[in-house]
Amino acid sequence: MFNKSPLRSTEEDYFANTNYSKNIQYIITPTTEIMVNFSSNGLKAKKACLIYAEKLDLKGLVQLRIAEKSDHRKMYITTVDSASFQELKHEQSLHVTFTGFIENMVQILQDCQLGKLEIFLVQGNRMNESNAMYKLQFVEIRPFKNLVHLSLPSSLASLNVVLFYMNTIVEKLQKKCSKQEEHAQEVQHEIHNHLKHIDQLETECTKLKENVSKSTQSLNQKHSREVSQLRENLQKLIEERQEDSERHSKANASIQAQLDKLKIEKCALQAERIQEQKCNEILKEEIAALKGRVSNLKEQNEKLHKEILMLKNEERKADMHLQDFRKEANELNERLKKCDKNKANLVAELEAEKKISRTKRQALEVATDEISKANQIILKQNQESVKLKKTITWRTEVALQQEQAIKQKDRELKDKELEIEFLKETLDVLRREIPKELDSLRKFSKSLETKYSEQIEALKIKLELSEKENLPMAANVKNTQRQL
């Protein structure tokens with residue numbers, strides 16, 4: 001059931017195609033880590049794996065993809081469409097529709113995350129791992145007997161699919177780098193805003209100082225004017241009193257009243273002066289408080305300048321790391337392009353060799369057809385020889401003519417036998433040469449697999465190193481945000 005046909009390979013390619021990536025939906029949260037039990041050739045092992053569950057509603061497809069966490073090259077794919085679901089439904093006696101199957105699949109995966117169910121990946125009877133079929137089983141562990149809830153066919157992912165998902169991982173890493181660059185720019189913008197705010201505070205402090213100095217000057221000027229006016233008034237009164245004391249003795253009472261009034265006004269002026277002095281003291285206290293605030297702001301400004309210098313140094317380091325990462329990413333892209341070119345050349349060579357094998361197969365089919373035709377001719381000639389032997393007993397007059405015809409047919413039979421022997425020899429030669437060519441093709445494909453596996457491991461090591469170097473950068477950026 002579920003043999004790996006070209007139709008199934010096209011269904012799997014829908015999920016590894018950028019044209020359908022927008023229509024693909026995740027059934028569960030991507031990159032969920034679950035322990036999977038592997039069993040192949042009598043060996044059992046339990047490994048941590050990443051499970052991806054996706055669906056494509058346009059084509060009515062559901063795909064489960066299991067990749068080992070330690071080695072992403074080992075990827076197992078299970079694709080279910082409506083036709084294969086009908087076979088599953090008939091064989092495993094399922095009671096749901098295709099949509100219900102998807103909902104129950106989500107519930108089964110959630111139970112696997114919680115530990116209620118376990119996942120088993122069992123290899124089939126085939127010895128070749130590249131063509132081996134697997135069974136993905138969701139099992140409930142019980143004390144008496146394990147209960148298999150669902151069994152799905154699975155197979156190893158092709159090299160193209162593995163490379164496609166590795167490219168998606170590389171693109172995600174590039175997006176993370178771009179996000180970090182944007183975050184660094186935002187931090188720079190915030191620092192710039194803080195500096196502007198500090199400049200505004202400094203300008204406000206200078207304006208307050210100017211206003212205080214102007215208010216004190218205006219008050220002093222007012223007091224000096226009032227005092228000078230009072231002195232002038234007093235001098236005028238004294239002069240008038242001296243002049244009028246001799247002439248107007250009767251007006252002493254009125255002058256004394258005026259003097260009393262002047263004394264009262266003087267007391268009022270003194271009280272106003274006292275109040276103004278109190279106001280001046282209050283203003284002096286406010287000026288001292290403002291000076292303290294200004295000193296605090298200066299200290300904060302110095303701290304901010306120090307933090308800005310630290311951030312600039314960290315940003316320079318981050319820019320250096322980002323440039324290194326970009327260089328490494330460019331080198332990786334160039335290597336990937338070279339790998340793609342080598343792969344295309346190898347595919348062309350494989351297709352040429354496949355065409356050669358097809359021509360040889362066609363030649364074998366033609367030879368077998370000719371052999372079958374020769375066998376039919378031999379049967380017909382044997383039948384005719386039997387008929388001729390019967391007619392010899394009945395017709396004695398035409399015996400010489402019949403003997404000559406028999407001799408001719410015997411000659412033709414000998415020629416046909418020689419042709420049959422030649423065809424048999426060609427068949428033996430082809431049977432010897434075809435397995436040799438198949439062995440050479442298999443060795444060539446194995447060498448290709450080893451070559452690409454080594455390149456993929458080198459890429460994986462470089463990506464892990466880049467992730468480890470990005471982690472301290474992200475931690476430094478978070479610390480700077482918290483300090484701000």
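The following exchange between a trainee and a mentor works through a predicted model of a protein chain.

Trainee: How many helices and strands are there in the protein chain?

Mentor: Read along the sequence of this predicted model, the elements of the protein chain follow the pattern α-β-β-β-β-β-α-α-β-β-β-α-α-α. Of the 484 residues in the chain, 25% count as buried. The count of elements comes to 6 helices and 8 strands.

Trainee: How many bridges join strand 2 to strand 3, and in which sense do the two strands run?

Mentor: Strand 2 covers residues 32–40 and strand 3 covers residues 43–56, and the two form a hairpin with 2 residues between them. In the turn, N41 has a positive phi of about 55 degrees, while within the paired strands the bridge partner of T32 is I51 in strand 3. The strands run antiparallel, and the number of bridges that join them is 9.

Trainee: Which residue in strand 6 does F38 stand opposite?

Mentor: Strand 2 pairs with strand 6, which spans residues 118–123. This pairing is in the parallel sense and extends over 4 bridges. Within strand 6, the residue opposite F38 is L121.

Trainee: Is E68, which forms a salt bridge with K47, buried or exposed?

Mentor: The closest N and O atoms of E68 and K47 are 3.5 Å apart, and the pair links distant parts of the chain, with E68 in strand 4 (residues 61–68) and K47 in strand 3, 21 residues apart. K47 has a relative accessible area of 31% and is therefore partly exposed. For E68 the relative accessibility is 4%, and because buried means under 20%, E68 counts as buried.

Trainee: Which residue forms a salt bridge with E54, and which strands does the pair tie together?

Mentor: In this pair the closest N and O atoms are 3.5 Å apart. E54 is buried, with a relative accessible area of 4%, and its partner R65 is buried as well, with a relative accessible area of 3%. Because E54 lies in strand 3 and R65 in strand 4, the salt bridge ties together parts that are 11 residues apart in sequence. The partner of E54 is thus R65, and the strands are strand 3 and strand 4.

Trainee: How many salt bridges are found in the whole structure, and how far apart are the closest N and O atoms of E140 and R142?

Mentor: Side chains of opposite charge can pair when their charged atoms come close. A search of the whole structure finds 3 salt bridges, among them the one between E140 and R142. E140 is partly exposed, with a relative accessible area of 23%, and R142 is also partly exposed, with a relative accessible area of 42%. The closest N and O atoms of E140 and R142 are apart by 3.7 Å.

Trainee: How many of the residues of strand 5 are buried?

Mentor: Strand 5 covers residues 75–80 and is mostly covered. M75, I77 and T79 point one way from the strand, whereas Y76, T78 and V80 point the other way, and all are buried. The number of buried residues in strand 5 is accordingly 6 of 6.

Trainee: Which residue in strand 8 is the bridge partner of I77?

Mentor: Strand 5 is joined to strand 4 by 6 bridges, the two running antiparallel, with A67 opposite M75 and a hairpin of 6 residues joining the strands. Strand 5 is also joined to strand 8 (residues 147–156) by 2 bridges, again in an antiparallel arrangement. In strand 8, the partner of I77 is S155.

Trainee: Which helix holds K175, and is that residue buried or exposed?

Mentor: K175 gathers with K172, K176 and K179 in a patch of positive charge on the surface. The helix that holds K175 is helix 4, residues 159–247. With a relative accessible area of 54%, which lies over the 50% cut-off, K175 is exposed.

Trainee: Which helices each supply at least two residues of the negative patch?

Mentor: The patch of negative charge on the surface gathers E365, D369, E370, E412, D415 and E419. Among them, E370 is found in helix 5 and is partly exposed, with a relative accessible area of 41%. The helices that each supply at least two residues of this patch are helix 5 (252–394) and helix 6 (399–483).

Key:
Residues numbered from 1 in each chain as written. Predicted model: local features only at pLDDT ≥ 70, side-chain atom pairs only at ≥ 80, totals over all residues. Heavy atoms only, no water. Patch = residues over 30% accessible without salt bridge, like charges linked within 9 Å, V, L, I, M, F, W, Y side chains within 5 Å. Areas by Shrake-Rupley, 256 points an atom, 1.4 Å probe, with all protein chains shown as cover. Salt bridge = Lys/Arg side-chain N within 4 Å of Asp/Glu carboxyl O. Lys, Arg positive; Asp, Glu negative; His and termini not counted. Charge placed at Lys NZ, Arg CZ, Asp CG, Glu CD. Buried < 20%, exposed > 50% of the residue type's maximum accessible area, 1.4 Å probe, protein only. Pairing = 2+ DSSP bridges.
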